[in-house]
Amino acid sequence: MTNETEGRIPLEDLLVFHQLARSLNSSFDLDTILRTILEHMERIMEAELWTLLMLDEATQELYYAIAAGGEQDALSGLRVKVGEGVAGWVVQHGETLIVPEAVDDPRVQDEANGKPKAVRSVIALPLRGRKGTHGAIEIYNPRADQMTDYTIAFLHILADHAAIAIENSHDVSRIQQLTITDDTTGLYNVRHLYNVLGRELVRSSRHQMPVSLAFLDLDRFKLVNDVHGHLVGSELLASTGKRLQELARKQDWCFRYGGDEFVILMPDTGAEDALDLADKLLDALMTTQFHMKNGLELTVHASVGLATAPVDGTTVHTVIGAADARMYLVKNNGRGHVWHP
């Protein structure tokens, strides 16, 4: 056998790499990508436990996104700070860590306390892409005869391609978010309202549960633009959107419909409960003092119309139309309250 032949990558490994590349390029769903990574890496090296941790940039903590060997539930609630334990060290330094004898390594012992298996050895690789390190892969108690330079190098190649796929998934997610988000307020836009309401109406019909919608229009908002200028007006709209998001329930959806109009979608909520929720939300909104960047303190008033499916309609346009019409009834009858049937 020539040196050239000896240096070639075995066909079986090339096929694994080819299949992984195809799988990663066929989906932008993060969960699918993570599962694909572990499934293919398990083919390269046998081990007692495989885990993949992702970085939560807000908290600078790693969480167990997926684990092989039936350990997902045992690890799901655990967090690892960057710089601590095996995965934390790998993410902090952006380097692979190989510990053939784990007994005396404090990094392993720090993290092993939360592991359901005794840790004897570990390999950890960073998921390092163009924009930084996004997480780490841990391989616990791998077969000793497989811890070769060739296998480690092959794992590095797979980890690098996995990191690129994760970044692509994040990029697509951000682009999708931009298409459904209003620039001024950060709330969902009207296009997304139609999609979400449509899905909720289908679900409402299937499960025989009501869904309510509040259509909110700020009263005399044009005066803000006329007196204080459009920059202040845009800032107040953004602050109002943020406040509505704070006041709404976790299960509710908030949208900017357009101009100074907002919509709050309340799944599994009947007319009576929707009225009570809208009354409380509007009272809280109108008593909020908004502090503008130029030192002004402003308040907003609003008129609200409600509609509930299926009583007021079963299509997107009939439900929105009913709530919109009732909002205008409020406008014509004193403003500043919720339409009462």
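The largest nonpolar core has 30 residues, and Leu216, Leu218, Leu236 and Leu306 touch the most other members. A nonpolar core here is a set of buried Ala, Val, Leu, Ile, Met, Phe, Trp, Tyr and Cys residues joined through side-chain atoms within 4.5 Å. Buried means under 20% relative accessible area, exposed over 50%, and partly exposed in between, with a 1.4 Å probe and protein chains only. Strand 7, helix 10 (230–247), strand 9, helix 11 (271–286) and strand 12 each supply at least two residues of this core. Helix 11 gives the largest share, 7 residues.

The model is predicted: local features need pLDDT of at least 70 and side-chain atom pairs count only at pLDDT 80 or more, while totals for chains, interfaces and linings use all residues. Residues are numbered from 1 along each chain as its sequence is written, and side-chain values use heavy atoms, leaving out hydrogens and water.

Leucine 216 shows what such a core residue touches. Not counting residues up to four places away in sequence, its contacts (heavy atoms within 4.5 Å) are Leu244, Asp260, Glu261, Phe262, Leu281, Leu285, Ala302, Ser303 and Val304. A second, separate core has 26 residues, including Leu38, Met41, Trp50 and Leu127.

Next come the sheets. The chain holds 12 helices and 12 strands; these are DSSP runs numbered from the N terminus, helices being H or I with at least four residues and strands E with at least two. Two strands pair if DSSP finds at least two bridges between them. One open sheet is built from 4 strands in the order 8-9-7-12, with antiparallel pairing. Strand 8 (253–258) and strand 12 (302–309) are at the edges with a single partner strand each, so one side of each has no neighbour in the sheet. Direction ignored, neighbouring strands of this sheet are turned by 20 degrees against each other on average. Axes are lines fitted to C-alpha atoms, for helices over the stretch in contact, and angles run from 0 to 180 degrees between N-to-C directions.

Within this sheet, strand 7 (residues 211–218) and strand 12 run antiparallel and are joined by 8 bridges. Serine 212 is opposite threonine 308 in strand 12. Helix 8 (residues 190–207) packs on the sheet, touching strand 7, strand 8, strand 9 (261–267) and strand 12, and its direction makes about 135 degrees with that of strand 8. Helix 12 (residues 316–331) lies across strand 7, strand 8, strand 9 and strand 12, at about 145 degrees to strand 12.

Another open sheet has 6 strands in the order 3-2-1-6-5-4, again with antiparallel pairing. Its edges are strand 3 (79–81) and strand 4 (97–99), each with a single partner strand, so one side of each is left without a neighbour in the sheet. Strand 1 (residues 47–56) is joined to strand 6 (residues 132–142) by 7 bridges, and proline 142 in strand 6 is the bridge partner of alanine 47. Helix 5 (residues 85–93) lies across strand 1, strand 2 (61–67), strand 3, strand 4, strand 5 (122–129) and strand 6, running at about 140 degrees to strand 6.

Helix 10 contributes to the largest core. Its buried residues are Val232, Gly233, Glu235, Leu236, Leu237, Thr240, Gly241 and Leu244. An α-helix has 3.6 residues a turn, so residues three or four places apart point the same way.

Over the whole chain, buried residues make up 46% of the 341 residues.
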